[in-house]
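Trainee: I should like to request a close look at a single part of this protein. Please set that part in the context of the whole chain.

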Amino acid sequence: ALYWRKGKAPVLGVQPDNLTDEMRLALKRNTGALVKIVMYDTPAFKANMFPGDIIISIDDTPIDSAQDFMAKVGDFAGKECKITVLREGKETPLKVKMNPKAL
């Protein structure tokens, strides 16, 4: 038997990964978190974030890696933020209303 239970809404709604060596060389930067997956109907989805975007800051707080992103994103729960991503080599600011932190 399968049982389904509705989960808590994620703060942003992305699955991050670290930049590959090839990406770091091409971008000429070591920092950022690569967006691998954007979950449907989440703040990231509504802000038009896409897989392949690289999150470099949240409200001017630098993001160094996927682990750094996961450690910091909860600090912005429930707030309206500016997330800066690299998209096609250009810095793109996205206005995002984060979900509250799950209890």
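Mentor: The account below begins with the whole protein and then turns to the surroundings of K79.

This is a predicted model, in which local features need pLDDT of at least 70 and side-chain atom pairs count only at pLDDT 80 or more, while totals for chains, interfaces and linings use all residues. Residues are numbered from 1 along each chain as its sequence is written, and side-chain values use heavy atoms, with hydrogens and water left out.

The protein contains three helices and six strands, and from the N terminus these elements follow the order β-α-β-α-β-β-α-β-β. Helices (H or I, at least four residues) and strands (E, at least two) are DSSP runs, numbered from the N terminus. The radius of gyration of the protein, 14 Å, is close to the 13 Å that the globule rule gives for 103 residues, so the protein is as compact as a globular protein of that length. This radius is taken over C-alpha atoms, and the rule is 2.2 Å times the number of residues to the power 0.38. Along its principal axes, the C-alpha trace spans about 50 × 35 × 20 Å.

Of the 103 residues, 39% are buried; buried means under 20% relative accessible area, exposed over 50%, and partly exposed in between (1.4 Å probe, protein chains only). Among contacts in the protein with a separation of 6 or more, 51% are between residues 24 or more positions apart, a contact being heavy atoms within 4.5 Å.

Within this framework, K79 occupies the loop between α3 (66–73) and β5 (80–87). K79 is partly exposed, with a relative accessible area of 43%. Not counting residues up to four places away in sequence, K79 touches V96, K97 and M98. V96 lies 17 residues from K79 along the chain, and the C-alpha atoms of K79 and V96 are separated by 8.3 Å.

A second site concerns aromatic rings. A search of the whole structure finds one aromatic pair, formed by Y40 and F45, which is edge-to-face at 4.9 Å centre to centre with 65° between the planes. Rings of Phe, Tyr and Trp (its six-membered ring) pair if their centres lie within 6.5 Å; planes under 30 degrees apart count as stacked, over 60 as edge-to-face and the rest as tilted. Y40 is exposed, with a relative accessible area of 68%, whereas F45 is partly exposed at 38%.
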